[in-house]
Amino acid sequence: MASIACSAQAGEKVGVYDGHFRLQGQRMGRVGSCYWVVKRIGGVGKMYALKFTLDDYPTNYFYPQAVASMDSTAERETQTVPNSDEKMLANYVPVFVMLPLDVITNDNVLEDKEKIGNQLKELRDAGVDGVMTDVWWGIVEGKGPMQYDWSGYRSLFQLIQECGLKLQAIMSFHQCGGNVGDVVNIPLPKWVLEIGESDPDIFYTNRSGNRNRECLTIGVDNLPIFYGRTAVQVYGDFMKSFREEMSDFLEAGLLLDIEVGLGPAGELRYPSYPQSQGWVFPGIGEFQCYDKYLKAEFKQAAIEAGHPEWELPDDAGEYNDTPESTEFFRSNGTYLADRGKFFLTWYSNKLLIHGDEILDEANQIFLGCKLKLATKVAGIHWWYKSDSHAAELTSGFYNLNDRDGYRPIARMLSRHHAILNFTCLEMRNSEQKAAAKSGPQELVQQVLSGGWRENIEVAGENALPRYDAAAYNQILLNARPNGVNKEGPPKLRMYGMTYLRLSDGLLEENNFNLFKTFVKKMHADQEYCPDPKMYNHEIGPLEPSGPKLVMEELLEATKPMEPFPWDKETDMRVDDGGGFVLANLIKKFFSRFKK
């Protein structure tokens, strides 16, 4: 601890500070029950302050910040942490909050700026590190090919920057609407939908011929049918324009990562369980490869494999079937036959190639920017404990008890220095229907372990909005599976967590109080830290992608490996200890006098 000169009269020394806060943009020191607004007047180590007590200011003036170094030998004023907390900071996991889906309207307007600004400040005051937002293709390039309008997002980014938060931006090349949790409708660009009117095979298609206009099929990734451009080129041009138009925000360090949308809901998967086509949980879903482009690719692959007679599956059932009700997924079903294995390998490899090509494009575009790339992978937890893993297979994850369907994805991401962002962190097995044979806990354990074994960073999200202690505790367990290490970095630690999502429900008093406790626990009981280097998250310029991996190298990662061990429960519970209980009792006591 260091002492500070904090009297306006003759620099009288009054003691040792043991905390640090910010008051309307000014740094503050605390000594006992008194607070001091600190201002450097001049000279090495000379700090002066104005004394006041808590009664002078309402408590909502204060919000936790990283404590500032008062080292009298330092010329610069930088925010650091006391030496006693430096080791614990190595356990810090930053927390981001997903903004509302329609924070930018279909008309490309940041609507209700004042309300959003106030909400962002509430998040900042809660110690949240930043926010995440979708950047909708359908809004930005809606007027015509390569006619980009970034005005709404520039207004949003400016507001986020003014509120002192960092940003994760999603390149959302999909429709909003038709998925779990979608409450608004933001379609693909009109000019893309018009191409689809004359060529509906640009969209994913199930065996019955139903088209899914949520995103483009990977069958058109390299076909120049979008006014002379391929789908990959279209995505690339969008990202190039983003980099050019947002260069000031990139240079200012506002953006920490770019999450590249690779499918429905922005996830690397097929749209195998669309609510818009009648799917309900826990249906197995359907394969989505019956557009003419993917059908032709599969036929050619079968011919080259010496089996021209093999066709796409016709025995895999419908969206709401169970595995045992189908020939393909039942015990000893088609999925175990040679033609079934060939199809599943082809189907899942197409996803790997799709992700690799678009991330290659993104890497070249953002090369040198101080940020990371990221990809979201869906948590398909239902039927995980059945032999065929049917729901995962229809989504494109060829994951069985004797075959890892996720580590090849992690290996592909490692080439691009990309983060694997996984969902369903909040879910526990006991919360799921027994008939669905769900295994969210084992699934998270498998996927995160695979990412760590491939030496990439892993991050995550909750799949559904939750405000309860059980959900927060499960996320905390997954964030640090073996708990905190008081002597330095923990054995395992997630790179970050994004909470889904900002809403009036989250900001309701009781919900938000618990959420603030959750943020503090994710930070390993440390105050908000503005400097990622302090918790080993220094972000340098994005490096070029590594050498291209041949498919055989990727598929080597399908060999199953035991996941890392997880503790039974987190050592940083949000409902642990008397402090949380006492705080709520006090609030309830005083609330009685407000009635």
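A residue is taken as buried when its relative accessible area is under 20%, and in this predicted model Tyr 472 meets that condition because its relative accessible area is 1%. Phe 515 likewise counts as buried, at 0% relative accessibility.

A pair of aromatic rings is described by the distance of the centres and the angle of the planes. Rings whose centres lie within 6.5 Å are paired, and by this rule the count for the model comes to 42 aromatic pairs. In one of them, formed by Phe 242 and Phe 366, the ring centres are 6.3 Å apart and the planes stand at 70°, so the arrangement is edge-to-face. This pair connects distant parts of the chain, since Phe 242 belongs to helix 6 (residues 231-245) and Phe 366 to helix 9 (residues 338-366), with the two positions 124 residues apart in numbering; both Phe 242 and Phe 366 are buried. For Tyr 472 and Phe 515, the ring centres are 6.4 Å apart and the planes meet at 55°, so this pair is tilted. Here too distant parts of the chain are linked, with Tyr 472 in helix 13 (residues 469-479) and Phe 515 in helix 15 (residues 509-522), 43 residues apart.

An aromatic ring also takes part in a contact with a charged side chain, as Arg 453 lies over the face of Phe 564, at 4.3 Å from the ring centre.

Among the strands, strand 11 (residues 203-205) pairs with strand 12 (residues 211-216) in the antiparallel sense over 3 bridges, and Tyr 204 has Asn 212 of strand 12 as its bridge partner. The hairpin of strand 11 and strand 12 has 5 residues between the strands, and in this hairpin Gly 209 adopts a positive phi near 90°.

Technical notes: Residues are numbered from 1 along each chain as its sequence is written. This is a predicted model: local features need pLDDT of at least 70, side-chain atom pairs count only at pLDDT 80 or more; totals for chains, interfaces and linings use all residues. Side-chain values use heavy atoms; hydrogens and water are left out. Rings of Phe, Tyr and Trp (its six-membered ring) pair if their centres lie within 6.5 Å; planes under 30 degrees apart count as stacked, over 60 as edge-to-face and the rest as tilted. Helices (H or I, at least four residues) and strands (E, at least two) are DSSP runs, numbered from the N terminus. Buried means under 20% relative accessible area, exposed over 50%, partly exposed in between (1.4 Å probe, protein chains only). A charge sits over a ring if NZ of Lys or CZ of Arg is within 6 Å of the ring centre and within 35 degrees of the ring normal. Two strands pair if DSSP finds at least two bridges between them.
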